[in-house]
Amino acid sequence: MTPRSPDARGAAANANVPAGAIPSETRRDAALARLRARGERVTPGRRAVLDVLSREPGHIDADAVAALVDEVEPGIHRATIYRSLQALVDADIVTHTHVPGGATIYHLAADVAREGAKADVGASDGDSGEGAAAGHEVTGHVAKPHAHAHLQCDTCGRFVDVDVAEFAPLAARIKELTGFTLDAEHGALLGRCAQCSKEPQPTPRPGEAEQE
């Protein structure tokens, strides 16, 4: 079975981008266009990584990306996939988030999704898009085309996306107090998700707290 991270159940998409409006191929093609525009090579490894990330609605780590690439392009070496991921992060096409106590997770950058949304709107207005590649199914997965921060449930491991703008007041206050500039996109905050908060938590037996 292919390893996958827990599904992300995120905030609503940007109001200008209706849910279901951005097919995975559109997001992938927008990412490839940015890669070319920056003078970077479109190698088989980079293309395969972008294809996987454009189809995955959640947050996945490097090992999961490698496993998914191996399903469709088994000839690409795992080390090449890791290098491709890093190159795409350096090119601001892929975003990474450091998870406390876990592996770094990856997804397409929010502005790449916005570029894909614009292209998709243009195609729906009558432009001739290329459509899906031969043999490649349109998954219907939708990008979240806004910059977002990550919350992780420390009970079930689920990720929740929150528009990074929600952290603006906190970031401003932190900078006022300490001079520190908060980058909410590149880390995950721990807590308990709504579902786990509803479930009763086990009561520790007498003496357990002291033993810990």
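This report walks through a predicted model of one protein chain, from its overall layout down to a few single residues.

## The big picture

Let's start with the parts list. The chain has eight helices and six strands. If you follow the sequence from start to finish, they come in the order α-α-β-α-α-β-β-α-β-β-α-β-α-α.

How much of the chain is buried? Of its 212 residues, 37% are. The accessible surface adds up to about 12200 Å², and carbon and sulfur atoms own 51% of that. There is also a number for how the chain meets itself: take the contacts with a separation of 6 or more, and 67% of them join residues that sit 24 or more positions apart.

## Two helices that cross

Now zoom in on two helices, α2 (residues 44–55) and α4 (residues 78–90). To describe a packed pair like this, you give the angle between the axes and the distance between them. Here the angle is about 75° and the axes are 9 Å apart. Angles of 65 to 115 degrees count as roughly perpendicular, so that is the label α2 and α4 get.

Which residues do the touching? From α2 come G45, R46, V49, L50 and L53, and from α4 come T80, I81, S84, L85, A87 and L88. Sorted by type, the residues of this contact are seven nonpolar, three polar and one charged.

## A three-stranded sheet

Next up is an open sheet made of three strands, lined up as β1-β3-β2 with antiparallel pairing. Why do β1 (60–61) and β2 (94–97) each have a side without a neighbour in the sheet? They stand at the edges, so each has a single partner strand.

Look at β1 and β3 (residues 105–108): they pair in the antiparallel sense over two bridges. In this part of the sheet, I60 stands opposite Y106 of β3. Helix α2 comes back into the story here too, as it lies across β1, β2 and β3 and runs at about 85° to β3.

## Two buried residues

S54 is a residue of helix α2. Is it buried or exposed? Its relative accessibility is 1%, so S54 counts as buried, given that the cut-off for buried is under 20%. Leaving out residues up to four places away in sequence, S54 touches S24, R27, R28 and L108. Take L108 from that list: S54 and L108 are 54 residues apart in sequence, yet their C-alpha atoms are 6.8 Å apart in space.

Over in strand β3 you'll find H107. With 11% relative accessibility, H107 counts as buried as well. What does H107 touch, once residues up to four places away in sequence are set aside? The list is L53, G58, H59, V94, T95, T97, H148 and H150. One of these, L53, also showed up among the α2 residues that meet α4.

## An unusual backbone angle

Last stop: D92, in the loop between α4 and β2. Most residues other than glycine have a negative phi. D92 goes the other way, with a positive phi near 60°, and it isn't a glycine.

Is D92 buried, exposed or partly exposed? At 47% relative accessibility, D92 counts as partly exposed. To be called exposed, a residue has to be over 50%.

Definitions and conventions:
Residues numbered from 1 in each chain as written. Predicted model: local features only at pLDDT ≥ 70, side-chain atom pairs only at ≥ 80, totals over all residues. Heavy atoms only, no water. Helix = DSSP H or I, 4+ residues; strand = E, 2+ residues; numbered from the N terminus. Buried < 20%, exposed > 50% of the residue type's maximum accessible area, 1.4 Å probe, protein only. Contact = heavy atoms within 4.5 Å. Areas by Shrake-Rupley, 256 points an atom, 1.4 Å probe, with all protein chains shown as cover. Axes fitted to C-alpha atoms, helices over the stretch in contact; angles between N-to-C directions. Parallel < 35°, antiparallel > 145°, perpendicular 65-115°, else oblique. Nonpolar A, V, L, I, M, F, W, Y, C, P; charged D, E, K, R; others polar. Pairing = 2+ DSSP bridges.
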